[in-house]
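Reader: Please take a close look at a single part here, and then say how helices pack elsewhere in the chain. One connected account would suit me.

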Amino acid sequence: MGAIKAKFSAPGGVHPAYHKDLAAEQPIAEMPLPASLVISMSQHLGKPATPTVKKGDTVLRGQVIGEAAGFISAAVHAPTSGTVKLVAPVPTAAGPRATAVTIEPDGEDKWIDGMAPCPDWRQLEKKDIVEKIAAAGITGMGGAGFPTHVKVSPPPETAIDTLILNGAECEPYLTADYRLMVERAADIWEGALIIAKALEATNIYVAIEDNKPLAIAAMAEAMPEQAGAAHVVALKTEYPQGAEKQQIFAVTGREVPAGGLPLNVGIVVENVGTTLAVWDAVVNGRPLTERVTTVTGGPVAKPGNVLARLGTSSADMVEFCGGTSSPVAKIISGGPMMGFAQADMSGPTTKTTSGLLLLGPESVHAYESMPCISCGRCVGVCPMNLMPNELSQFLEAEDYETAEAYNVMDCIECGCCAFECPAHRPLVQHMRRGKAQVMLNRRKQ
Amino acid sequence: MTMVIQTVLTIGGAGLVCGGALALAARFLAVKEDPRVAEVDGILPGANCGGCGYAGCAAYAEAIVLEDAPINLCAPGGAEILSKLAGATGQTAQMAEHKVAIVLCGGDVENAPRKFDYNGVADCQAAHTTGGGDKACPYGCLGYASCSRACPVGAIEIVDGIAKVHPDLCISCGACVRTCPRALIKMVPYARKIHVMCSSRDKGPAVKKACKVGCIGCTICAKLAEDEAIKMQGFLAVVDYDKELDNDAVIEKCPGKCIVRI
């Protein structure tokens, strides 16, 4: 079966240089166990998990080391067997500290006798699938890290008719999802069928940007016959086609209401990496203990796509990729548009680390922020139809009420406005700060 | 000519009708304000700092007259305003202890390194939420002057990369305390001069890595200070301002050099 072309494309968007050629043709390489793993209890959106191990405990791979602390939270599992060396707060990729468990691997990598494999998942009930996903600690692996078991158990009065697999990977430099689609298409499809069964969704779309013809071909070829209404959709190549609401519009023409969720329009979007993790959890009974991360950028000697255990430090991953061959000026966890700049390479891989990007001095510029010149380019590129120019000025004046009235809360922080701004204004930072303050004010009321 | 007369009559007539309506409204819809509120409002300094806990001086004046709010809440006014308020209201009250703000961090440019170059919005909240702040110490003053901008009287200055309060200018309104994303600013009695200038709750080795003048939690000062005037809160020595402390030994013996006399 072939792919269909998307009929729509969300408003706005930009065309950054993609630089995907650095790592796109590198097959996924499994990294050997590092000397130590630091597993954060806050790898997802929602409450951090509660550690269930203490210093000196021995753990097996797949053993729960952090319990979900509530419904919007996710369990954390030991990525290998070994000894717990430390339970202490460490900084997360975004900055604030969270408790983390440090494990020294014993090298045996012995699995715990945990969840049973279930190759005939078609016999499972809806709630059994959701339970397995929750027990495996799966969260969205595209970036935000929303717990997957919450996504696949919508309220009973909400009917979900469509599942979209997000394989757009519109972030420059990143190729982890691309490699997964090329190499593991059949498993991803089976994962999609499992999620669709849990949701009782009848339509499945795989959305991929049209600059990834190999992934489109691989997913189309592996499309299972019993899938019903399943399609591979080729999206126009444009950042941010991978953003949930923009993708829903591009694929189905449905618009998620302001402040609403995809399930309000009967849709659930799952990243392809997440879908593969669901397949692994349900079919093989293996909780989420590893992920594919693109290690790339000019200074990396041999950029590639690394299958690494959660908790592997950035330094170890760069070492695995041949170290650095030129000076590093900036370290980013994630992609250049939405990733988080890091102060050093000590940060551990988490469930949401889609990339590790090193940039040399030639690609990093410390711009001076200037006053808005009212050119309106940010308004033109905003995929949410917001007015970043106006908003940033309200927020500079700390006028949070007006910013809220101008829908600052709908900002998806994609960075198109800041990318386009000729005055180099830190627009996304203004939005982030504004959103945090509006949330705080709402909670006070 | 007719047009001139017509115009004068029309405009004049409209003026008379509206004027009459306003005169009636002023008589029958008048808001009766307690004259004492205006009197008390006149006494208050008019800084509208909010330190009393009310929205501004007018709101506080109303609260004093109509809700019997205590008259000693106006810190900027001090004893002089208090005695005038006592005269106007007949209430008697003691002035609360004169408190001033202090930024409990001594990690200036020289002593506390930065872990990366921050090139974003020049605001402490924004810097604090970007990679956890550019200062190596996750507790230290970031120096992006949010408190200084919040201060209604310009009593806070950024010196060598950290905020410093000028105690003689501070009107103890507490606006800075509410702005600091790292909760470094405390209100302390004006008369007290010895302070632990550190707010890091990390263990000693981590503090030493991040700052040359941090509290390493050695507990020497807590043992030297009489009557538990310095107490350990985890790995941080904290001055108990309710107790007397005038002991230069704690300053001399502090290995982190974070106890100072200001």
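Author: Around the buried residues of α10(A), the cover includes α9 (377-381), α11 (400-405), α12 (416-420) and α13 (427-444) of chain A. This is a predicted model, in which local features need pLDDT of at least 70 and side-chain atom pairs count only at pLDDT 80 or more, while totals for chains, interfaces and linings use all residues. Residues are numbered from 1 along each chain as its sequence is written, with chains lettered from A and ligands numbered from 1 in the order in which they are written.

Helix α10 of chain A (a DSSP run of H or I, at least four residues, numbered from the N terminus) spans residues 388-396. Its buried residues (20 or more other C-beta atoms within 10 Å of their own, C-beta atoms being placed from the backbone) are Pro388(A), Asn389(A), Leu391(A), Ser392(A), Phe394(A) and Leu395(A). Just after α10(A), Glu398(A) has a positive phi of about 55°.

Elsewhere in chain A, the axes (lines fitted to C-alpha atoms over the stretch in contact, with angles from 0 to 180 degrees between N-to-C directions) of α3 (residues 176-183) and α5 (residues 213-221) come within 8 Å and cross at roughly 40°. The two helices α3(A) and α5(A) are therefore oblique to each other, a class for angles outside under 35, over 145 and 65 to 115 degrees. In contact (C-beta atoms within 7 Å), Tyr178(A), Met181(A) and Val182(A) of α3(A) meet Leu214(A), Ala215(A), Ala218(A) and Met219(A) of α5(A).

Definitions and conventions:
Buried ≥ 20, exposed ≤ 12 C-beta atoms within 10 Å, placed from the backbone. Contact = placed C-beta atoms within 7 Å.
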